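Visitor: I would like a close look at a single part of this model. Please take me through it step by step.

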Amino acid sequence: MYTLNKIKFSVSFFICITSLQIKAQTEKLPLTNVSFKKVQLLDKYITEGASIGDINADGYQDVIAGSVWWKGPEFKKKFTYAPVKHYPITGPGLEGYATNFFTFPYKLNNDKWTDILRIGLPGTDSKWIKNPGKRSKSFEKVKEKPKYQDAQKHVDHESPNLINIIGDEKKELLAFSNGQITLGIPNGDNENEWETLAISPYDPKRSPHGLGASDINMDGLIDILEKSGWWEQPTNWNYITVWKRHKHPFSPEQGGAQMFAFDVDGDGDNDVVTAMNAHGYGLSWHEQISTNNNIAFKEHKIMTNLKADNKYGVSFSQLHALDFADIDSDGILDIVTGKCYYAHNGRDPGSEDPAVLYWFKTNRCPDGTVEFIPYLIDDHSGVGRQISTGDLNNDGKIDIVIGNKKGVFAFIQD
């Protein structure tokens, strides 16, 4: 009886201590006034990403996911430009993947309407669709495929972006194509395929994960980030010469997702933030430092595969989409990311864990250090390959949209 009571006491004591530890971790998380209302726009798998843009030119942002768009700010009316297919979330080969990965709303021709650049499975050709303006068709009425315009051929990457890089007041498609880092140049009303400019030499082993753009050396020119380093844009680039490569193992394993650089620690230069493995674990920021008058970086781990490595006990896998925005309106950019639900159809580490969505507050401490405070937004949505942030209802606050195997969601900040 004594032994049994001792066992009971030991178990109770262990449970008590464990509860106190969990409670202590929860209490350490600073309070925030930020909260979100979850709006599920669709409960079917149609796309791996979602974006934000004013499709109908009414001054309100709309949500675009695959071939469907929802009219803001109420998002009760939905329209489509192509037949809508619901995909299974598992299957052999490519059967468990939507053919819509990314959408980028942008004025791609010379009229007033916002068009849509569509990127499908890695290795396929990107296409764009002209906005029909006031002739948009309701969700139920499109039965035939539309006429797509050619964009960049062979977009072989899972973190492309449409961004102004070369300073010509137009955005370019940053991606990988045929073993090179490339810029796809839109050609307006011309229906021919886009011109493709290579900024790196051919590398058949180039990873399809981890890509971004920012001014790393603060010379006023946008540079390119990838998992193994950064590429410096030349002054007065002639569109032919490859850029200078600066090696650094930002994410030395498989590579992460969208990469961004901003002044994390407030010291006047741009630091790099990246997921470490799009199909595994890890999130880090790389502090820019100077070594012998050369740019170098020092890694600071935000999150690993161990909860004990995070001050607040947070760890999740498959950070296949990231975005950055000032979520709490304090003038400093924050991280928005989450778990890509069934990114490899359930074959990745932690696949069965909750599909979480987080924002990480960038907190500059008085002693000069920086911490990223993880605030859970939702545990039943996660991210896909593309997550987008913006003000959906013109209230001055940042909202979030995602599309993945659980459906399409908008998170409206209260």
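Visitor: In which strand is glutamine 288 found? Start there, then work outwards through the sheet and on to the salt bridges.

Guide: This is a predicted model. Glutamine 288 is found in strand E21, which spans residues 283-291. The residue counts as buried, because its relative accessibility is 7%, under the 20% cut-off. Its side chain has a polar partner: a polar atom there lies 3.3 Å from the backbone oxygen of isoleucine 216. Leaving aside residues up to four places away in sequence, glutamine 288 touches Ile216, Asp267, Asp269, Asn270, Asp271, Ile295, Ala296 and Phe297.

Now the sheet around it. Strand E21 belongs to an open sheet of 8 strands. The order is E18-E17-E16-E15-E19-E20-E21-E22, with mixed pairing. Strand E18 (244-247) and strand E22 (294-303) stand at the edges. Each has a single partner strand, so one side of each is left without a neighbour in the sheet. From one strand to the next, the twist averages 25°.

Take strand E19 next, residues 258-262. E19 is mostly covered, with 5 of its 5 residues buried. Gln258, Phe260 and Phe262 point one way from the strand. Met259 and Ala261 point the other way. E19 and strand E20 (residues 271-275) run antiparallel, joined by 3 bridges. Within that pairing, phenylalanine 260 stands opposite valine 273 in E20.

E15 pairs with E19 too, but here the strands run parallel, with 2 bridges between them. Leucine 211 has glutamine 258 as its bridge partner in E19. Leucine 211 also has a bridge partner in E16, namely glutamate 226. E15 and E16 run antiparallel and are joined by 4 bridges.

Glutamate 226 leads on to the salt bridges. Its side chain meets that of arginine 206 in one of them, at 3.1 Å, N to O. Glutamate 226 lies in strand E16 (residues 223-226), and arginine 206 in the loop between strand E14 (195-198) and strand E15 (211-214), so the pair ties together parts that are 20 residues apart in sequence. Glutamate 226 is buried, with a relative accessible area of 3%. Arginine 206 also counts as buried, at 14% relative accessibility.

Why can such side chains pair? Side chains of opposite charge can do so when their charged atoms come close.

A search of the whole structure finds 12 salt bridges. One of them joins aspartate 150 to lysine 127, with the closest N and O atoms 2.5 Å apart. This pair links distant parts of the chain: aspartate 150 is in strand E10 (residues 149-150), lysine 127 is in strand E8 (residues 127-129), and the two are 23 residues apart. Aspartate 150 counts as partly exposed, at 23% relative accessibility. Lysine 127 counts as partly exposed as well, at 22%.

Another salt bridge brings together the side chains of lysine 301 and glutamate 299, at 3.4 Å, N to O. Lysine 301 is exposed, because its relative accessible area of 58% is over the 50% cut-off. Glutamate 299 is partly exposed, with a relative accessible area of 33%. Finally, Glu48, Glu158, Arg385 and Lys405 are linked in a network of salt bridges.

Note on methods
Residues are numbered from 1 along each chain as its sequence is written. This is a predicted model: local features need pLDDT of at least 70, side-chain atom pairs count only at pLDDT 80 or more; totals for chains, interfaces and linings use all residues. Side-chain values use heavy atoms; hydrogens and water are left out. Buried means under 20% relative accessible area, exposed over 50%, partly exposed in between (1.4 Å probe, protein chains only). A polar contact is a pair of N or O atoms within 3.5 Å; within protein, one must be able to donate a hydrogen and the other to accept it, and residues adjacent in sequence count only if both atoms are side-chain atoms. Contact means heavy atoms within 4.5 Å. A salt bridge is a side-chain nitrogen of Lys or Arg within 4 Å of a carboxyl oxygen of Asp or Glu. Two strands pair if DSSP finds at least two bridges between them. Axes are lines fitted to C-alpha atoms, for helices over the stretch in contact, and angles run from 0 to 180 degrees between N-to-C directions.
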